[in-house]
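Here are some notes to read beside the model, written for someone meeting it for the first time. Take the points in order, and keep the viewer open as you go.

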Amino acid sequence: MTAETRLSNDAAPKMTARDVSVYYGAKKAIDCVSIDVSQEHVTAFIGPSGCGKSTFLRTLNRMNDTIANARVDGAIELDGENIYAPSMDVVQLRARVGMVFQKPNPFPKSIYENVAYGPRIHGLAAGRSEMDAIVEQSLKRAGLWEEVKDRLQESGTALSGGQQQRLCIARAIAVEPEVILMDEPCSALDPIATAKIEELIHELRGRYAIVIVTHNMQQAARVSQRTAFFHLGNLVEYGETSEIFTNPRVERTKDYITGRYG
Ligand SMILES: Nc1ncnc2c1ncn2[C@@H]1O[C@H](COP(=O)(O)OP(=O)(O)O)[C@@H](O)[C@H]1O
Ligand SMILES: [Mg+2]
């Protein structure tokens, strides 16, 4: 049985993947996955460790390009545009489809510079006051402004883990992305910092298409409206989060969400 690709009640998708397979050398890590990612919903990718969630997530902004033996087959479009086309500017693509990683990775620079870096290389601010405004707005949207507004020149790496992760989200937001990919963004955080990130995801929903990988099913249920269950490189089931968690159609999904394996 193949999973649904699009949900009938969703509007035009922000991103589409069709028959996407990913290989590491001869090993197939993702097997013919097709899925639509919606603008207005948060999409969660769940599944046991090693089943290909990160690998598939990375196809959406060509981060697999940076892995020497990785090869991607199939078609991925952003607003109908082939992101693997030779004419695609990958630096530009990764600004449009930003990424937040498992371990917060602020640059060893000031809080201000962490956020200003992207807008500067993409030429988004005409001068200092415009840059100040971008930095402030990005930190506000990331729910960090109040905590850092009086210490913008301090190093980003001096912040707590949860603050660092919100700084990384501010950095992604600063270049006005259309899609934000988050790969287990809370797995290095304590419960309070995790709750703040989850709250933030709620606030960002709709402004950006958001895809979050999580191995925490409660988190998927809390933050997402669409859930895709991956297993052994396959997309087993994709649907409304409430349906996936209460009434999965596929036995393998049911086994996973009821904790029979994983
Ligand atoms: N850089 C890599 N080189 C070779 N194999 C990899 C690489 N990254 C991931 N894999 C393999 O691909 C499979 C899927 O991994 P991954 O996408 O990280 O899964 P998940 O994020 O669901 O834990 C695993 O078997 C993993 O060992
Ligand atoms: Mg992973």
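1. How many of the residues of strand 8 (residues 209-213) are buried? Keep in mind as you look that this is a predicted model. The count is 5 of the 5 residues, so strand 8 is largely enclosed by the rest of the structure. Its side chains split into two sets: Ala209, Val211 and Val213 point one way, Ile210 and Ile212 point the other way, and all are buried.

2. Now for the partners of strand 8. Strand 3 (residues 42-46) pairs with strand 8 in the parallel sense, over 4 bridges. If you want a place to find this pairing, Thr43 stands opposite Val211. Strand 7 (residues 179-183) also runs parallel to strand 8, and 5 bridges join the two. Here Ile180 stands opposite Ile210. Between strand 7 and strand 8 the chain passes through helix 7 (residues 191-204), and this β-α-β crossover is right-handed.

3. Next, please look at the open sheet of 4 strands, which has the order 2-1-4-5 and antiparallel pairing. Why is one side of strand 2 (27-37) and of strand 5 (81-82) left without a neighbour in the sheet? Both strands stand at the edges, each with a single partner strand, so one side of each has no neighbour there. As general background, strands of a sheet pair through backbone hydrogen bonds, in either a parallel or an antiparallel way.

4. The pairings of this open sheet can be followed one by one. Strand 1 (residues 15-24) and strand 2 run antiparallel and are joined by 7 bridges; Ala17 has Ile35 in strand 2 as its bridge partner. These two strands form a hairpin with 2 residues between them, and Gly25 in the turn has a positive phi of about 60°. Strand 1 is also joined to strand 4 by 8 bridges, again antiparallel, with Arg71 in strand 4 as the bridge partner of Tyr23. Strand 4 (residues 70-78) then pairs with strand 5 in the antiparallel sense over 2 bridges, and Glu77 has Asn82 in strand 5 as its bridge partner.

5. Which residues lie around ligand 1? They are Tyr24, Ala29, Gly47, Ser49, Gly50, Cys51, Gly52, Lys53, Ser54, Thr55 and Ile67. By class, this shell has 4 nonpolar, 6 polar and 1 charged residues. Helix 1 (residues 53-59) gives the largest share of the shell, with 3 residues.

6. Staying with helix 1, have a look at Arg58, which has its place in this helix. Is Arg58 buried or exposed? Arg58 is buried, because 21 other C-beta atoms lie within 10 Å. Leaving aside neighbours within four places in sequence, Arg58 is in contact with Met63 and Asn64. Arg58 and Leu181 are 123 residues apart along the chain, yet their C-alpha atoms are separated by 8.4 Å.

7. Another arginine makes a useful companion to that one: Arg252, in helix 10 (residues 251-257). Arg252 counts as partly exposed, because it has 18 C-beta neighbours inside 10 Å. Not counting residues up to four places away in sequence, Arg252 touches His231 and Val236. From Arg252 to Ile180 is 72 residues in sequence and 28 Å in space, C-alpha to C-alpha.

8. Helix 3 (residues 111-121) also deserves a moment of your time. Its buried residues are Ile111, Asn114, Val115, Ala116, Gly118 and Pro119. What covers them includes helix 2 (90-96), helix 4 (128-141), helix 5 (145-148) and helix 6 (161-173). After helix 3 comes Gly123, whose phi is positive, near 65°. In general, an α-helix has 3.6 residues a turn, so residues three or four places apart point the same way.

9. Finally, a word on the annotation. An unreviewed UniProt entry places the feature "domain: ABC transporter" at residues 15-257. Over residues 15-257 the chain is 37% helix and 26% strand, and the end C-alpha atoms are 26 Å apart.

Notes:
Residues numbered from 1 in each chain as written. Chains lettered and ligands numbered in written order. Predicted model: local features only at pLDDT ≥ 70, side-chain atom pairs only at ≥ 80, totals over all residues. Pairing = 2+ DSSP bridges. Buried ≥ 20, exposed ≤ 12 C-beta atoms within 10 Å, placed from the backbone. Contact = placed C-beta atoms within 7 Å. Near = placed C-beta within 6 Å. Nonpolar A, V, L, I, M, F, W, Y, C, P; charged D, E, K, R; others polar. UniProt positions renumbered as here; feature names shortened; annotations may be inferred. Right-handed = clockwise from strand over helix to strand, strands pointing away.
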